[in-house]
Structures are given as C-alpha cells and as structure tokens.
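Please open the model in your viewer and keep the sequence panel visible. The tour below proceeds by selection, with a short account of what is found at each stop.

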Amino acid sequence: MTLALAMRHAVVGILAAAAVVTSCSSSSTVPSQTETPRARQAVDGRVLFIGNSLTEANGLPAMVETLSRQSGGTPISTDSVVFGGFSLEDHWNQGTARRRIAEGGWSIVVLQQGPSSLPESQANLREWTARFDTVIRASGGRTALYMVWPESDRRGAFDAVSQSYARAAEDVSGMLFPVGEAWRAAWQRDPDVPLYGPDGFHPTATATYLAALVIYQQISGRSPEGLPALTAMPADRVRIVQEAAQEANARFGRR
C-alpha cells in the first residue's frame, strides 16, 4: 500500500476488515454492492467525512456539528466512513465510501488520508482524490481535502504535506481545510500547545478542536473566534487555537 510509509505510526491492530462507519446525526443503511441508488439533491450543511483514525479521533465530525449548533448559524449534519490506516485507494477498493457518496444529498465530501508527503504518496493522494471527485460531482456534492500533519519525528515534512494536499484540492477545484498549517500557526503563538498525542501522530483533543474550527469556518464562512471551547483548556489557549484556525484559513484555505 502506497500510504504505508507515511502511516507507520498509526495505531497498530486495527484490522482493515473491521470498518467503522460512524454517523454523527442519523444512521443510514449502506446499500449492497449491486444496488444503484438514485442520487438525491445536495442539501446545504450535510457533510460526509471519508478517512481513517485521524478523522475518527476525538469525534471530529461531531465537534463540527456542535460548533455549527452553538454558533447560531446554519446547522451542519455529518456522517463518516472511517477505516483504521486506510488511504483513499483503500477506501475506493473497499467500496463503502463510494456507496455512501452515491446515495447523494451531500453538500461536501471531505477526503483524508495520511501525511502523503513522500513523492509516491503525493501521487497516490492526487490520483484517488480525482477518482472520488468524479463520484462526488455526479452525486451533486463538492470535494474537500482535510490536510493533516506529519509524525512528530518528521516535523520537517510539514511543507511537503501542505503542498500535497493543496495540489490535490487544486486538481479538482475543491475546498482545502488547512489543518496542518493551523498546527504551525498555533505553535508560532505558543510552542507548548499540545497537538500530538502520546503516539506522536494522532491528535490530542485540543488538536481535534483546532481541526473542527478550521473545517467549520471553511464550510460556514463564519469566524471561529469567540466560539465555545469543546474541550478543557485555559481561556488564553482557546484564543490562541481560534486565532490559529483563522490565520490558516486566511492564508491557505480554498473555498
């Protein structure tokens, strides 16, 4: 698998066959391989996340929903298809993600894999983003890329991760959620902001909150500053994280 080098610190022991399909709003029945459901018209604020444990960690889709409810703006409802350690190629071949997209009704489909900083991983991300984009467009939705971050022992790869996801988004005229860049913006304000979890790769609750702020702003167009903290942290850290999300979106986000 092309992504293996980039995901070497992902949680071990999650079997590829053990799919975790989570719904943060309402459950839905996944059609069989032989079904060809009619695509519904996309509904504003209905978002599907396709990814792995970096999306699943700390309930990112649910955080985005909660921010939308507490901000007073248009509510966002989310659903997700996550498989531990999966790349987009793995998702394509396994099939669940394509079936969920084909059900239709999604305004945005968010794609995420590992750092994708190595040349072969960059090519993989762009190729499978383009393939998914054809299905997403056919179902009436828009593609978005959830930019992640490198492992803690490969911090020098941040630029490569950023470029990889930006190019994949540009290829399909998609949205870019520059979460990895928001990490750097937070550290510029306070190097002690805890973003890496104990394994040096998965996000802390603070990092997931930061990701939710970035994604919520890109989807809603509303500033993340002043939104409630969804995880315990000092008030000054909440401000830093919100400012970092705002800066990353202003500099790197694609809407």
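A residue is called buried when its relative accessible area is under 20%, exposed when that value is over 50%, and partly exposed in between. The model in view is a predicted one. By this definition, buried residues account for 56% of the 255 residues in the protein.

**The whole chain**

Begin with the cartoon view of the entire protein, in which 9 helices and 6 strands may be found. Consider next the contacts between residues at least 6 apart in sequence: 79% of these join residues at least 24 apart.

**The nonpolar core**

Select W149, W183 and L210, which are the residues with the most contacts inside the largest nonpolar core. That core comprises 69 residues. Its greatest contribution comes from helix α8 (residues 205-220), which supplies 10 residues.

Now keep L210 alone selected and display its surroundings. Which residues is L210 in contact with, leaving aside its neighbours within four places in sequence? They are A182, W183, A186, L195, V241, A244 and A245.

**Two crossing helices**

Two packed helices are described by the angle between their axes and the distance between the axes. Select helix α7 (residues 179-189) together with helix α9 (residues 235-252); their axes come within 8 Å and cross at roughly 130°. Because of this angle, α7 is oblique to α9. The crossing in which α7 passes α9 is right-handed.

Show the side chains at this contact. On the α7 side, select E181, A182, A185, A186, Q188 and R189. On the α9 side, select I240, E243, A244, A245, E247, A248 and F252. Colouring these residues by type gives 8 nonpolar, 1 polar and 4 charged.

**The loop after α7**

Move on to D190, which is placed in the loop between α7 and α8. Is D190 buried or exposed? With a relative accessibility of 18%, D190 counts as buried, because the limit for that class is under 20%. Apart from residues up to four places away in sequence, D190 touches R237 and I240. I240 has already appeared in this tour, as one of the α9 residues in the contact with α7.

**A serine in helix α1**

Select S53, which lies in helix α1 (residues 53-56). S53 is buried, and its relative accessible area is 6%. Residues up to four places away in sequence aside, S53 touches F83 and H202. Add P203 to the selection and draw a line between the C-alpha atoms: S53 and P203 are 9.6 Å apart in space, although 150 residues separate them in sequence.

**Two serines with positive phi**

Most residues other than glycine have a negative phi. The last two stops have a positive value. Select S116 in the loop between β4 (108-111) and α5 (119-138). S116 is not a glycine, yet its phi is positive, at about 55°. S116 is also buried, with a relative accessible area of 0%.

Finally, select S173, which is placed in the loop between α6 (158-171) and β6 (175-177). S173 likewise has a positive phi of about 55° without being a glycine. How does S173 count in terms of accessibility? S173 counts as partly exposed, because its relative accessibility of 45% falls between the limits of 20% and 50%.

Technical notes:
Residues are numbered from 1 along each chain as its sequence is written. This is a predicted model: local features need pLDDT of at least 70, side-chain atom pairs count only at pLDDT 80 or more; totals for chains, interfaces and linings use all residues. Side-chain values use heavy atoms; hydrogens and water are left out. A nonpolar core is a set of buried Ala, Val, Leu, Ile, Met, Phe, Trp, Tyr and Cys residues joined through side-chain atoms within 4.5 Å. Buried means under 20% relative accessible area, exposed over 50%, partly exposed in between (1.4 Å probe, protein chains only). Helices (H or I, at least four residues) and strands (E, at least two) are DSSP runs, numbered from the N terminus. Contact means heavy atoms within 4.5 Å. Axes are lines fitted to C-alpha atoms, for helices over the stretch in contact, and angles run from 0 to 180 degrees between N-to-C directions. Angles under 35 degrees count as roughly parallel, over 145 as roughly antiparallel, 65 to 115 as roughly perpendicular and the rest as oblique. A crossing is left-handed if the near helix is turned anticlockwise from the far one by less than a right angle, and right-handed if clockwise. Ala, Val, Leu, Ile, Met, Phe, Trp, Tyr, Cys and Pro count as nonpolar, Asp, Glu, Lys and Arg as charged, and the others, Gly among them, as polar.
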